[in-house]
Amino acid sequence: SLEELHNAGHLFLQLNDHDIWIQPDRSPIVNGVDRVYSNRTPTHHLPIHDGFSAPDIYHQNEPVGPYTDVFALGALLHYMISQCPPFNHLDLPDPYIPSLRIYQLDFPVGLDHVLFQACHPDTALRYQSVDSFLNALDLAISEIETRHRSPNQKLDLAVAHDIHIGINKGQRNPTNQDALFWRFDKK
């Protein structure tokens with residue numbers, strides 16, 4: 001639905017825990033669909049939902065776009081998964097968005113990075129569209145499922161250490177440094 005709004009040149013800017021309800025059949029109901037905004041709407045007319053509105057709305061000198069709704073969608077998912085209070089510092093110049101793994105230690109590695117990028121304070125580092133965000137989520141979920149399906153394999157590490165002692169060491173290398181190298185192969 002958000003992607004369709006964005007393709008029509010509109011922004012929703014109202015994703016929050018009060019306007020989205022999940023019905024018993026697990027389908028969402030979104031309140032406020034009658035109110036949409038344009039990226040040309042003056043910033044001071046845009047709605048602010050504490051904890052879900054992107055920093056670009058608070059910092060009125062930044063343009064808004066589909067990536068602003070992506071932030072709200074990422075913040076909503078972060079809030080629903082972490083069960084922590086919504087962000088309360090998005091009006092600061094450089095807000096810190098904590099990883100979901102701080103709150104949910106068993107949250108799959110890979111998915112936390114996708115949600116972190118969706119909630120990135122810097123609009124250039126955030127997903128630029130809902131479609132790219134959903135594609136990244138699908139890819140991360142696919143990789144996690146592939147890891148779970150593959151049998152656990154023994155991890156082989158190759159470790160090497162190089163030490164030269166005696167008089168020749170000073171002639172080979174005037175600084176006293178030993179070298180340590182290790183690698184592992186993904187097979």
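Which hand does the crossing of helix 4 and helix 5 have? I opened the notebook with that one, and I found a right-handed crossing for helix 4 and helix 5. A reminder to myself before going on: this is a predicted model.

**Entry: the overall layout**

I started with the inventory and found six helices and six strands. Reading along the sequence, I wrote down the order as α-β-β-β-β-α-α-α-α-β-α-β. The protein has 187 residues, and 36% of them count as buried. I also looked at how far apart in sequence the contacting residues lie. Among contacts with a separation of 6 or more, 51% join residues that are 24 or more positions apart.

**Entry: helix 4 against helix 5**

Back to the opening pair. I looked up the axes of helix 4 and helix 5, which come within 9 Å and cross at roughly 170 degrees. Angles over 145 degrees count as roughly antiparallel, so helix 4 and helix 5 are roughly antiparallel to each other. Next I listed who meets whom. From helix 4 I noted Leu111, Val114, Leu115 and Ala118, and facing them from helix 5 I noted Phe133, Ala136, Leu137, Ala140, Ile141 and Ile144. Sorted by class, this contact has 10 nonpolar residues, with no polar and no charged ones.

**Entry: helix 3 against helix 5**

Helix 5 has another partner that I wanted to see. The axes of helix 3 and helix 5 come within 9 Å, and they cross at roughly 35 degrees. This crossing, too, I have down as right-handed. On the helix 3 side the contact uses Val70, Leu73, Gly74 and Leu77, and on the helix 5 side it uses Val130, Phe133 and Leu137. By class I have six nonpolar residues, one polar and no charged ones for helix 3 with helix 5.

**Entry: the cores**

Which residues have the most contacts inside the largest nonpolar core? I noted Leu2, Leu15, Phe71, Val114, Tyr127 and Phe133, in a core of 31 residues. I then checked which helices feed this core: helix 1 (2-7), helix 3 (66-82), helix 4 (111-118) and helix 5 (130-149) each supply at least two residues. Another core lies apart from it, with six residues, among them Leu11, Tyr37, Ile57 and Val64. A general note to keep beside this: in soluble globular proteins, nonpolar side chains tend to be buried together.

Phe133 kept turning up, so to speak, and I pulled its contact list. Leaving aside neighbours within four places in sequence, Phe133 is in contact with Val70, Leu73, Gly74, Leu77, Val114, Leu115, Ala118 and Tyr127.

**Entry: Ala75**

Is Ala75 buried or exposed? I found Ala75 in helix 3, and its relative accessible area is 1%. With under 20% counting as buried, Ala75 is therefore buried. Not counting residues up to four places away in sequence, Ala75 touches Gly51, Phe52, Phe87 and Cys119. I also took the C-alpha to C-alpha distance from Ala75 to Ile97, which is 9.2 Å, with their positions 22 residues apart in sequence.

**Entry: Pro121**

Ile97 came up again when I turned to Pro121. Pro121 lies in the loop between helix 4 and helix 5, and it is buried, with a relative accessible area of 17%. Its contacts, not counting residues up to four places away in sequence, are Pro55, Pro95, Ile97 and Arg126. Pro121 and Ile97 are 24 residues apart in sequence, and I get 8.0 Å between their C-alpha atoms.

**Entry: Gln83**

Where does Gln83 lie? I placed Gln83 in the loop between helix 3 and helix 4. Its phi is near 60 degrees, a positive value in a residue other than glycine. Gln83 has 61% relative accessibility, and over 50% counts as exposed, so Gln83 counts as exposed.

**Entry: Asn135**

My last lookup was Asn135, which has its place in helix 5. Its relative accessible area is 44%, and I logged Asn135 as partly exposed. From Asn135 to Val114 I have 9.9 Å, C-alpha to C-alpha, for two residues that are 21 apart in sequence.

Methods
Residues numbered from 1 in each chain as written. Predicted model: local features only at pLDDT ≥ 70, side-chain atom pairs only at ≥ 80, totals over all residues. Heavy atoms only, no water. Core = buried A, V, L, I, M, F, W, Y, C linked by side-chain atoms within 4.5 Å. Buried < 20%, exposed > 50% of the residue type's maximum accessible area, 1.4 Å probe, protein only. Helix = DSSP H or I, 4+ residues; strand = E, 2+ residues; numbered from the N terminus. Contact = heavy atoms within 4.5 Å. Axes fitted to C-alpha atoms, helices over the stretch in contact; angles between N-to-C directions. Parallel < 35°, antiparallel > 145°, perpendicular 65-115°, else oblique. Left-handed = near helix turned anticlockwise from the far one by under 90°. Nonpolar A, V, L, I, M, F, W, Y, C, P; charged D, E, K, R; others polar.
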